[in-house]
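Reader: I've got the model open on my screen and would like to learn to read it feature by feature. Can you walk me through it?

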Amino acid sequence: MPDSLSHHAMDLPSSLLARRHGAVAVLILNRPAKRNALNDETLLGIEAFFTNLPEGVACVVLAAEGDHFSAGLDLSEMGERDTISGLRHSRMWHRVLDLVEFGPVPVVCALRGAVVGGGLELAAAAHLRVAERSTFYALPEGVRGIFVGGGGSVRVPRLIGVARMADLMLTGRRYDATEGLAIGLSQYLVDDGTGLDHALELATRIAQNAPQTNYAIVQALPRIAEANPREGYFMEAMIAAITQGTDDAKERMRAFLEGRAEKVTDR
Ligand code: 1HE
């Protein structure tokens, strides 16, 4: 049975729900009537959730109520913003999504319906994306006369390349779930209604990895991938040495040699 996380001093807005499945914490966007449009309150709630992850949480699942993951930035909050408050607002998104990408644990995102604008920026900050067949992706900022502001120009080209990102913004085109899988917007494509279960299954498996390895994958891998190869190889050697020096890694290798651990072909 999932436990509510609300007793963990986590003051979340009504647009978010949090619960716990063993070592996996689940955060649900819960504003389906507004297609999970992301207002400031929700962003700050996401920040509070990732800042206050309880002890023992080894992986997070991010999912959504309703037919759509997220319609992006709450456009009803945009009107009043002048240039400098727009800059601060974008930097607030950066701060929050940085916490998702570079938080303590891996994040698996379950997508369906609209994954649009800031919704795609949020999904791109996760480490794995599981998309239901109903999923579609778009960056309507281009046709709305604005620009991405939630880190999308950094994170989305990393997944699909600059040319596809420019196409999304220039033409307002949509990618469907199958195209999204092919180009790397999601790593998994699943039937409608099964995204959360698939994400939970992956997260439960990820939570069984050694914490030092998960930490290295979240913290070191993207830094190494962006470094020049000379520094990259050196960082890799350091992280490899740190992880393999742990008792946990030694026990896992001993277990394999003694026939107690699963084989690669067991999955
Ligand atoms: C919203 C928003 C929103 C829906 N902000 N309220 N994002 C966009 O440009 C996407 C805009 N949304 C849509 O294109 C459609 O809503 C959907 C394709 C996602 C869903 O369509 P549908 O027919 O199911 O719903 P709907 O009737 O359009 O919307 C239902 C309600 O949600 C309606 O409010 P209501 O009070 O009239 O019922 C909509 O106004 C509301 N709603 N989307 C506010 N986005 C960090 S910078 C990021 C910059 C961006 O993200 S720009 C992209 C913004």
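Reader: Let's start with one side chain. Leaving aside neighbours within four places in sequence, which residues is F256 in contact with?

Author: Contact just means heavy atoms within 4.5 Å. Skipping those sequence neighbours, F256 touches A261 and E262. Before we go on, this is a predicted model, where local features need pLDDT of at least 70, side-chain atom pairs count only at pLDDT 80 or more, and totals for chains, interfaces and linings use all residues. Residues are numbered from 1 along each chain as its sequence is written, and side-chain values use heavy atoms, with hydrogens and water left out.

Reader: Where does F256 lie?

Author: In helix α10, residues 247–257. Helices (H or I, at least four residues) and strands (E, at least two) are DSSP runs, numbered from the N terminus. If you want a ruler across the model, the C-alpha atoms of F256 and F102 are separated by 31 Å, and the two residues are 154 residues apart along the chain.

Reader: How do I read accessibility for F256?

Author: Use the relative accessible area: under 20% is buried, over 50% is exposed, and in between is partly exposed (1.4 Å probe, protein chains only). F256 comes out at 46%, so it counts as partly exposed. Now try D74, in the loop between β4 (59–64) and α2. D74 has a relative accessible area of 6%, so it is buried. Its contacts, again leaving aside neighbours within four places in sequence, are R31, A37, L38 and N39.

Reader: How many residues of α3 are buried?

Author: 8 of its 8, so you can call α3 mostly covered because of that count. G118, L120 and E121 are among the buried residues there.

Reader: I keep hearing about phi. What should I look for?

Author: Most residues other than glycine have a negative phi. Here, R35 has a phi near 55°, a positive value in a non-glycine residue. N36 has a positive phi of about 55° too, and it is not a glycine either. R35 is in the loop between β3 (24–29) and α1 (40–51), and N36 lies in the loop between β3 and α1 as well. Their burial is worth a look: R35 is partly exposed at 43%, whereas N36 is buried at 1%.

Reader: Next, helix packing. What describes a pair?

Author: Two packed helices are described by the angle between their axes and the distance between the axes. The axes are lines fitted to C-alpha atoms, for helices over the stretch in contact, and angles run from 0 to 180 degrees between N-to-C directions. For α8 (211–226) and α9 (residues 229–244), the axes come within 11 Å and cross at roughly 175°.

Reader: What does that crossing make α8 and α9 to each other?

Author: Roughly antiparallel. The scheme is: under 35 degrees roughly parallel, over 145 roughly antiparallel, 65 to 115 roughly perpendicular, and the rest oblique. On the α8 side the residues that meet α9 include A216, A220 and I224, and on the α9 side they include M235 and I239. That contact divides into 5 nonpolar, 4 polar and 2 charged residues. Nonpolar means Ala, Val, Leu, Ile, Met, Phe, Trp, Tyr, Cys and Pro; charged means Asp, Glu, Lys and Arg; the others, Gly among them, are polar.

Reader: And at what angle do α4 and α5 pack?

Author: About 120°, with the axes 7 Å apart. That makes α4 oblique to α5. G152, S153, V156, P157 and I160 in α4 meet V162, R164, M165 and L168 in α5. By class, this contact has 6 nonpolar, 2 polar and 1 charged.

Reader: Last one: what volume does the largest pocket have?

Author: About 450 Å³. It is lined by 24 residues, and the closest to its centre are L73, M78, I146, F147 and G149. On a 1 Å grid over the protein atoms alone, a pocket is an open set of points where a 1.4 Å probe fits, with protein on both sides within 12 Å along at least five of seven lines, and lining residues have an atom within 4 Å of a point. Points are joined across faces, edges and corners, and the volume is the space filled by probe spheres set on them.

Reader: Which helix gives the most to that lining?

Author: α2, with 5 residues. The lining has 10 nonpolar, 9 polar and 5 charged residues.
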